[in-house]
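Me: I am new to this structure and would like to learn how to read it feature by feature. Could you take me through it slowly, with the general idea before each case?

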Amino acid sequence: MSQALDLLKNILKEAEDIYLRVAVDEIKPEHNLIDDLGLDSLGRVSIFHEISFELDKEIPEEKGVKWQTVKDVLDLIDEYEN
Amino acid sequence: MKTKLALIDINKNEVSRIPKSIITAVKSSGHQVIHIENINELMKGLKDVDYIVGYSIPYTYIKRNKNLKEVFLLSSQVPESFLNKDFKVESIKGLNAKTVANYAFKWIEELTLPNFKIGVIGLGSIGKEVVTLCSDKKLNVMSISRNSEADYRYDQYTEFLNQVDIICICTTLNQETKELFTKERFFYHLKKDCRIINIARGELFHETDLVSFLSESKKAVYYTDVTYPEPYPEDGALRKLSNIKITPHIAGFSDEVWAAVEKKLTEALSQWGE
């Protein structure tokens, strides 16, 4: 999971126009995407697509729709990275 | 071959949603129009279009589109990420400055008291209008900006913040301006009963710092037409406070503004693809 977290952090550092309530390096798996990170729906979908591009995989969009926490994102990265 | 144009129409807010007249103008422009009404259609819809009309979106959605020639934003602020790229960017900058400024000025009039000092942060088209409105009413107003016309420069920021009773934030959002509104640079230097008006962007503030300041300084007030995210959730932390007012990003919209936007857009549409 720590590799997935590093990948996510890199994506967030590179992403333009995505603003978070916490510093990228302070993101934790238990953080809620909306309540803790302050991500809006455009931001969440944007991150989903960046992950797809980064992993060079066609990931079904419904996989990202149910994301609630950072851990949900990391689980997706782990699933498709391997 | 027809050029491809994407119309991003995902904003369903009553006041700020794109009027039917503009949708009609786009669809009858002679371009092949992809009408995007859902966030999930964005990535596919924007993939290889030549032109885009709509509110701004994260750069991720367009950064892999090598065909893109121009973006017409239905907002006055252009995201920093859209600058210095291979496509042109047009916006409605200036068209709604008076409307937004008037909106902010109503709040200033509501909150001001005799001998109050009003500070305007940012002296672009909206900031200048706010200063003019205040001056016309003989209010004691001062401005701070990189603009040489401002009363204060940013190296005098603390001195500026220390003395103002009402702050009206009119800056654009970029990495530089975001740093102006941290706890250390902003909240520490405010009067405890400062009235803060935000007509710029919700992302300028770290919400935790803002909530902390307003919770500790019960006489301070925060009036904002912008939040992050938008729409602001019903159970958002700001809504639990009694010294705030939130309106849903409506300051810049009126029938007159939309008519001016439609005129500018129609000109652009006729030139695209030439």
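Me: Where in chain B is the place of B:P231?

Reply: This is a predicted model, in which local features need pLDDT of at least 70, side-chain atom pairs count only at pLDDT 80 or more, and totals for chains, interfaces and linings use all residues. Residues are numbered from 1 along each chain as its sequence is written, chains are lettered from A and ligands numbered from 1 in the order in which they are written, and side-chain values use heavy atoms, with hydrogens and water left out. Elements are read as DSSP runs numbered from the N terminus, helices being H or I with at least four residues and strands being E with at least two. In those terms, B:P231 sits in the loop between β10 and β11 of chain B.

Me: Which peptide bonds in that loop are cis?

Reply: As a general idea, most residues other than glycine have a negative phi, and most peptide bonds are trans. Here the bond from B:E230 to B:P231 is cis, with omega near 0 degrees. Another cis bond joins B:Y228 and B:P229, with omega about 5 degrees, and B:P229 likewise belongs to the loop between β10 (221-224) and β11 (244-246) of chain B.

Me: What is phi at A:D56, and is that residue buried or exposed?

Reply: Accessibility is sorted by relative accessible area, with buried under 20%, exposed over 50% and partly exposed in between, using a 1.4 Å probe and protein chains only. A:D56 is not a glycine, yet its phi is positive, about 55 degrees; it is found in the loop between α2 (41-55) and α3 (62-65) of chain A. Because its relative accessibility is 69%, A:D56 counts as exposed. In chain B, B:N84 also has a positive phi, near 55 degrees, in a residue other than glycine. B:N84 lies in the loop between β4 (70-73) and β5 (88-90), and it counts as exposed because its relative accessibility is 81%.

Me: How many helices and strands does each chain have?

Reply: Chain A has 4 helices and 0 strands, and along the sequence it reads α-α-α-α. Chain B has 8 helices and 11 strands.

Me: How do I read the radius of gyration of each chain?

Reply: The radius is taken over C-alpha atoms, and the rule for a globule is 2.2 Å times the number of residues to the power 0.38. For the 82 residues of chain A, a compact globule would come near 12 Å, and the chain has 11 Å, which agrees. For the 274 residues of chain B the rule gives a value near 19 Å, and the chain has 20 Å, which agrees. Taken along the principal axes, the C-alpha atoms of chain A fill a box of roughly 30 × 25 × 20 Å, while those of chain B fill roughly 65 × 40 × 35 Å. Buried residues make up 54% of chain A and 54% of chain B.

Me: Which residues touch the most other members of the largest nonpolar core?

Reply: A nonpolar core is a set of buried Ala, Val, Leu, Ile, Met, Phe, Trp, Tyr and Cys residues joined through side-chain atoms within 4.5 Å. The largest one has 34 residues, and B:I121, B:F186 and B:I196 touch the most other members. The elements giving it two or more residues are β7 (140-144), α5 (157-163), β8 (166-169) and α7 (207-216) of chain B, and α7(B) supplies the largest share, 4 residues. A second, separate core of 28 residues includes B:V100, B:A150, B:I197 and B:Y223.

Me: What does B:V26 touch, leaving aside its neighbours within four places in sequence?

Reply: Contact means heavy atoms within 4.5 Å. On that basis, B:V26 is in contact with B:L5, B:L7, B:V33, B:L265 and B:L269. B:V26 lies in helix α1 (residues 20-27) of chain B, and it counts as buried because its relative accessibility is 0%. From C-alpha to C-alpha, B:V26 and B:I167 are 39 Å apart in space, and they are 141 residues apart in sequence.

Me: Which residues does A:S52 touch, beyond those up to four places away in sequence?

Reply: A:S52, in helix α2 of chain A, touches A:K57 and A:I59. Because its relative accessible area is 10%, A:S52 is buried.
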